[in-house]
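Got the viewer open? Here is a short tour, one selection at a time.

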Amino acid sequence: MRPVLPEPLRPLSDLARNLRWSWHAETRELFQSVDPARWAATGDPVRLLAAVPPERLDTLAADRRFRLRVAAAVDDLTDYLQGDRWYQRQEGSLPAAVAYFSPEFGVTAALPQYSGGLGILAGDHLKSASDLGVPLIGVGLLYRHGYFRQSLSRDGWQQEHYPVLDPDELPLTLLREADGSPTLIRLALPGGRVLRARVWQARVGRVPLLMLDSDVEDNDAAAREVTDRLYGGGSEHRLHQEMLLGIGGVRAVRAYCRLTGHPAPEVFHTNEGHAGFLGLERVHELGAPAPDGPGLDFDQALQVVRAGTVFTTHTPVPAGIDRFDRSLVARHFGEGAELPGIDTGRVLALGTETYPGGDPGLFNMAVMGLRLAQRANGVSTLHGQVSREMFAGLWPGFDAEEVPITSVTNGVHAPTWVAPEVLRLGARRIGPGRAEEALSVGGPDRWDAIGQISDQEIWELRRTLRGQLVEEIRTRLAAGWRQRGAGPAELGWIDTAFDPSVLTIGFARRVPSYKRLTLMLQDRDRLRALLLHPERPVQIVVAGKAHPADDGGKRLVQELVRFADDAGVRHRIAFLPDYGMAMAQKLYPGCDVWLNNPLRPLEACGTSGMKAALNGCLNLSVLDGWWDEWYDPDFGWAIPTAEGDGHLTAKETERRDALEAAALYELLEERVAPRFYERGREGLPDRWIGMVRETLTRLGPKVIAGRMVREYVETLYAPAARAHRALGPERARELAAYKERVRAGWAQVAVEHVDAGADGPEGAESPAQLGATLALRVRVRLGGLAPEDVEVQAVSGHVDGDDRISGATRVPLKPAPGGPDLDGRWTFEGPLALDRTGSFGYTVRVLPSHRLLASGAEMGLIAVPAEAAGQEAGVLLR
């Protein structure tokens, strides 16, 4: 039963159902004033309005000042939704719309549809797109149990709870047809079964988020459970979720655009491989007959789909990728199941692991995502490099650096994660408008206005935030211990647990083994000495969830909890259960140091440290993810790493962890704690405050999601939209025919001879001298291909000890006049400048070339010289 608001307060319902309130301080303060106690208990405007007594609503309706505040909030939201923003002010042809698919979205704690970093990143992407005016449509699933709620047993073992979510109690509305009936999305399943889903809408500022829900009465029991839990169930359950997300998601987008008039997406962005089946649905769409002629065949449609698809990979390890048995996938596609017009063999080929070490019996969702997308990226510079190496087998013959996977380093939505106190301090200095613009859009490389804030103000801000965190920790400790069965007589110590004047370190994230939750416990005596130091004590707050099926992760949680339960240290270290957005928004601002000690390079990005940095918290981290890219000793510390990777023996792993833990302790003992407690002339920790200032000034503009989304628009969305527009039906047929012809003839392409003549400076003793030029002549056999079908390149650069070229320069060679010789070989020629000293080498190669290819590596075809192709193709300078 939904409340009936008095007429003057009806606009509150609209304000509550647009999730912009979750990052707009003035709107939150408006709802807080409706009923402060209930707001503190719910933090959710929809639940708040349902719980407020009618007499209180009548009082507010009669309050002229409150009505004016409501009207001002409505006007502000209207201006935000309808006014031009960054995207609308850009020149050039940008996408009319972008569809953004993700299995989870962490927009607000009031809509608990996330488990960790992937979902929080997706929520921040939507919110920043809204702030920038990017015409995004979010697509996900509505999980009736969400992710799990975490509690602890008396002995510290993680326990999971799955509260049922009622969509009518969430800030959602049903997508309905013109006649008022709910829009239904249908998927065919094997055996004549049908999976039906309704579409719920959340408004994330300007961005609609469509969420498919299979809990429909007409479904059978198994189909109703498809969207029961996030990352739950067995393989077939997960496959059904991913089919509904990808295939059903495209159909939901089509229905939404049809019913609302929203522009159809020109770009489809899949956030990780879970939504990869969206490409198959689009191939299926393009195969349908068009009003002006027949539809496209599979290969032709594939070119169109690839041109407009962006794929973002988030995992640096193969084990993090969803893989299904090929027979299971085959059973769900083809005649009698979904997409009957598409040959099942073509579907399976998209996900086949064709690289060395791949399993031909498995269907790999990330591999399919890469094959269905012309543009792909990792989520930090280091992760882009790791991804190119991990997937290099899909482009045989190419060096990893040429694998067409770029990177866009993640960012975080500053208005969501910056504490109100930090925002107010900035607004006092530069004005609310400029502060909002800086946090949401960004632009300058430095926030130099931070320099106007005095050391005293910065330190008072840090003390205030730390004090608020201490109160939060005590409240949560008391609740957690009561939940574990402790009585009042056991909880007296909590009133003095933690200290607002003590150096506070935070560590909160998911608990897979590679994040090493318990690295800090390697030497417990040394950790105790840090916690209890008489002059420079440290206190540590820890939070995180292990996956319900991960007993190893649960044991790590239990180990940490048991240490924190010790009466000798429990006032200095705490594990807080049920980590989520609501807790995180209190945790990041109040910590002085944010700790991150993953096993390098397994942290794709690690955005929690970014959120902490935006509040003036310093990072202490292994050089992994974003910290590897932006670390500077002026605003943080790098934990040295031992040699090794994820394939060490147990003994090697133990040694590596011991070395890195010792380095962590040493940093805390010798550098971090002394810097925090050191006082200058005014009684302030001058050097610590200087690091806080550098963090805000130099890191702040980099870590915001506004910067991230602008990079997506400029480097991925806009090029994808242009490529999509360039591929009308005729050009799609042309490109598909070109690829078919090149693949069929590539076995006959060969570099048969390389000849290099000297053209050095006057008086040069040999051609192998800086400033000389080699005149290259390359004889190439093309079989049935023509010179315009390929590009012959000279590749030159430094040569390492393994005879590999690094820092390569690539120069195209031109066909020589006269056509092929009597043996059908073509000659290509051009100059090669010897422009660097040291070990220098070159080679030549042949690549496919077509104006509609995104890169020469796109097709994964390459021809290089055989050993005897030319004795000049070696090291030239030393």
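Start with the open sheet of six strands in this predicted model. Going across, the order is E17-E16-E15-E18-E19-E20, and the pairing is parallel. Colour residues 573-576 and 636-639 next: those are E17 and E20, the edge strands, each paired on one side only. Look along the sheet for its twist: neighbouring strands are turned by 20° against each other on average, ignoring direction.

Now zoom in on one edge. Select 618-622, which is E19; this strand pairs with E20 in the parallel sense over four bridges. Which residue of E20 is the bridge partner of Ser621? Pick Ala638 and you have it.

Stay here and add residues 686-703. That's helix H26, packed on the sheet and touching E15 (503-508), E18 (593-596), E19 and E20. Its direction makes about 80° with that of E19.

For another helix, select 551-565. This is H21, lying across E16 (538-543) and E17, and running at about 135° to E17.

Time to zoom out and show everything. Altogether there are 28 helices and 27 strands in the protein. The radius of gyration is 30 Å, close to the 29 Å that the globule rule gives for 878 residues, so the protein is as compact as a globular protein of that length. Along the principal axes, the C-alpha atoms fill a box of roughly 95 × 70 × 50 Å.

Finally, try colouring by burial: 57% of the 878 residues count as buried. Switch on the surface and you're looking at about 35300 Å² of accessible area, 49% of it belonging to carbon and sulfur atoms.

How values were computed. Residues numbered from 1 in each chain as written. Predicted model: local features only at pLDDT ≥ 70, side-chain atom pairs only at ≥ 80, totals over all residues. Heavy atoms only, no water. Pairing = 2+ DSSP bridges. Helix = DSSP H or I, 4+ residues; strand = E, 2+ residues; numbered from the N terminus. Axes fitted to C-alpha atoms, helices over the stretch in contact; angles between N-to-C directions. Contact = heavy atoms within 4.5 Å. Rg over C-alpha atoms; globule rule 2.2 N^0.38 Å. Buried < 20%, exposed > 50% of the residue type's maximum accessible area, 1.4 Å probe, protein only. Areas by Shrake-Rupley, 256 points an atom, 1.4 Å probe, with all protein chains shown as cover.
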